Structures are given as structure tokens and as C-alpha cells.
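Please consider the model shown below. The paragraphs that follow lead through it step by step, beginning with strand pairing and ending with the surroundings of the ligand.

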Amino acid sequence: MEIRFENSKKEVSRMITEELREAFLVEQLMQEDKITLVYSHYDRLIVGGVKPVNSQVRLETHTELKAEYFLERRELGIINVGGAGTVTADGQTYHLDKLSCLYLGKGTKEVSFTSTDAANPAMFYLLSAPAHAEYPSRLMPKEEASPVQLGDAMTSNKRTVYKYIHLEGIRSAQLVMGLTVLEPGSVWNSVPPHTHTRRTEVYFYFDLPENQRLFHFMGEPQQTRSIVMQNHDAVISPPWSVHFGCGTSNYTFIWGMAGENQVYSDMDALTVPDLK
Ligand SMILES: O=C[C@H](O)[C@@H](O)CC(=O)C(=O)O
Ligand SMILES: [Zn+2]
């Protein structure tokens, strides 16, 4: 597991492209038959991915956690972005079709991932936050994730937000998680943009065709920076940073947050002309 520490606003404002990518971009999370994990010190979020093909893959603890098992003091949100698969947690088997979400609460000891069909493997996106209270594990298919329509075709940002782990959905100690599907022809996500110093956010982009790219914007609103991303890359958004993107094609993304509170609508809104 890779460990990444924080960077100050001032430091970030002076970073060259490579430094910015090294600090915030998490590349290619979906590796065959192994778990990729990055521990960010922004709200201690762990971002990861696993694509089981030929074998069952287990979630192991890591020396940095000083824990007997990964979820001893943590909770985990899982969203499948591939073919059908199963997650087994302490003997209980959960079936996840594409875009189903599974929440595993603190105290879950054994976690493993399998694909139903090796020819169309599951791809599980993982986001974990520290948890000091136990909430029940729960599966939620996309159909139950309260869709909200946002944006307009005229501003190329027509999209549907699905919330899974939040105050009115799957309850958690601090994790908030869901996904946003852009309509064909719409390419701008999270515009008009916002910040929320109360929470760190991580974006994971998928269903972006191989030879297309996503321009993810970060930084202070009056000093934006961009990171060019590919399908299955994630990006860490510090609490003080804007987070929005534009694709050269249609795409979908998972957003996830942790921090001071769990109120989804508690954003500090910006207008497009606020940006520099
Ligand atoms: O704080 C909330 C997150 O940035 C996302 O939910 C926003 C988003 O998916 C969108 O507007 O498209
Ligand atoms: Zn946000």
C-alpha cells in the first residue's frame, strides 16, 4: 500500500505537472487478481481497486494500519464498475451487479472478492475511512440510490447523481459515497463547481473509452490546475480544492468523501465566473 502525505495550498500552487500527478493522481486502480491501495493522509482515506479474474482476492491488513485486520478501525464502501461479482464478508456473500454498492462496517474481519465470469470480470472500486463506531453492512443496487438530475444539455453538464452511502441512504460513521452518470453529449461534471473544507473528496473515473481523456480540475478556485486522467484513474481532492472535470468523451465517475460532517448539500457553491 502506497502512503501519501498532504501538501499545502502554497506548495500545490507551485507544482509542475509531474509533481501534481505524483501527489494527487492515483493511476490504474483495476489490476488483475490483486488489490491496489493508496493511503492518503487527507482525512486518512484509503482508495483502491480490485479486478479478480482467475482467483479470489482477499483484503489483507497492512503494517501501517497497526491493526489485526483491515476493517478493525475502518469502514469500507465498494462499488462494482465491471461484470457481476461477489464480495464475501465474514461468511456472508453479497452479489454485486455493475453499479451496485456494498458498505462494510467496522469490525468485519474477512473480506474477499470474486468475479462471476472470468471473461467479464468484476471491477470493485474501494474507498475506506477510519470509523470508531460500527454501522451494519448493507448492499444497495443502483435502483435504490435516489437519483437526482442536474445540469442541462445547453451547458454540456446534464447528469444524474446516485447517492448510496449518505444520511438518507446507507448509514456510516463518516463515509459518503455515490456516483454521477453523464448523459451522452454532456462532458462537464460538477459544474458549477464547489468546495467543502469540511470534507476531502476522491473521484474515480470509469466508462471513459480507452483513447479518450478526462481533464480534472483542482486547486483553489482562483488558481485552478488540471490533471489529465484515463479510464480507471482516481484523483484526491484536498478539502480546500475545487473538483470538477471535462471529458473528451462521455464517462461516469464515483465520488466519495470523509471528514467533519456527512451533509451532502453542505457545499460552498461557486459560479463559473468565480474561477481563474
Ligand atoms: O460534493 C459532492 C461531489 O463533488 C459530487 O457529488 C458532485 C457531483 O457528482 C456532480 O455534481 O456531478
Ligand atoms: Zn464535492
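Which residue in β8 is the bridge partner of Val87? In this predicted model, the partner of Val87 is Tyr94. That pair belongs to the contact between β7 and β8, two antiparallel strands joined by 5 bridges. Both strands are part of an open sheet of 4 strands, whose order is β5-β10-β7-β8 and whose pairing is antiparallel. The sheet is bounded by β5 (57-58) and β8 as its edge strands, each of which pairs on one side only.

The connection between these two strands deserves attention for its backbone. Asp90 is located in the loop between β7 (85-89) and β8 (92-96), and its phi is near 50°, a positive value in a residue other than glycine. Asp90 counts as exposed because it has 12 C-beta neighbours inside 10 Å, and a residue with 12 or fewer falls in that class. Ser156 offers a second case: although it is not a glycine, its phi is positive, at about 50°. Ser156 sits in the loop between β13 (147-150) and β14 (159-165). With 16 C-beta neighbours inside 10 Å, Ser156 counts as partly exposed, since its count lies between the limit of 12 for exposed residues and that of 20 for buried ones.

Another backbone feature concerns a peptide bond. The bond from Val191 to Pro192 is cis, with omega near 0°. Pro192 is placed in the loop between β16 (188-189) and β17. Such features stand out because most residues other than glycine have a negative phi, and most peptide bonds are trans.

The loop holding Pro192 leads to β17, and with it to the annotated positions. The unreviewed UniProt entry lists His194, His196, Glu201 and His243 under "binding site". These positions are spread over 50 residues of sequence, yet they cluster in space, with a largest C-alpha distance of 11.5 Å.

Two of the listed histidines can be followed in detail. His194 lies in strand β17 (residues 194-195), whereas His196 is found in the loop between β17 and β18 (199-206). Is each of them buried or exposed, or partly exposed? His194 is partly exposed, because 16 other C-beta atoms lie within 10 Å. His196 has 23 C-beta neighbours inside 10 Å and therefore counts as buried, the threshold being 20 or more. Leaving aside residues up to four places away in sequence, His194 touches Met267, Asp268, Ala269 and Leu270. On the same basis, His196 touches Pro239, Asp266, Met267 and Asp268.

Met267 also appears among the residues around ligand 1, which are Leu150, Arg159, Val161, Thr180, Asn189, Ser190, Glu201, His243, Trp255 and Met267. Glu201 and His243, both in this shell, are also among the positions that UniProt lists. By class, the shell comprises 4 nonpolar, 4 polar and 2 charged residues.

From the ligand, the path continues to the largest nonpolar core, which has 73 residues. Within this core, Cys101, Phe204, Tyr205 and Phe253 touch the most other members. Phe253 touches Leu179, Thr180, Asn189, Tyr203, Phe204, Tyr205 and Phe206, not counting residues up to four places away in sequence. Of these contacts, Thr180 and Asn189 are also found around ligand 1.

Methods: Residues are numbered from 1 along each chain as its sequence is written. Chains are lettered from A and ligands numbered from 1 in the order in which they are written. This is a predicted model: local features need pLDDT of at least 70, side-chain atom pairs count only at pLDDT 80 or more; totals for chains, interfaces and linings use all residues. A residue is near a molecule or strand if its C-beta atom, placed from the backbone, lies within 6 Å of it. Ala, Val, Leu, Ile, Met, Phe, Trp, Tyr, Cys and Pro count as nonpolar, Asp, Glu, Lys and Arg as charged, and the others, Gly among them, as polar. UniProt positions are given in the numbering used here, feature names are shortened, and annotations may be inferred rather than shown by experiment. Two residues are in contact if their C-beta atoms, placed from the backbone, lie within 7 Å. A nonpolar core is a set of buried Ala, Val, Leu, Ile, Met, Phe, Trp, Tyr and Cys residues joined through C-beta atoms within 7 Å. Two strands pair if DSSP finds at least two bridges between them.
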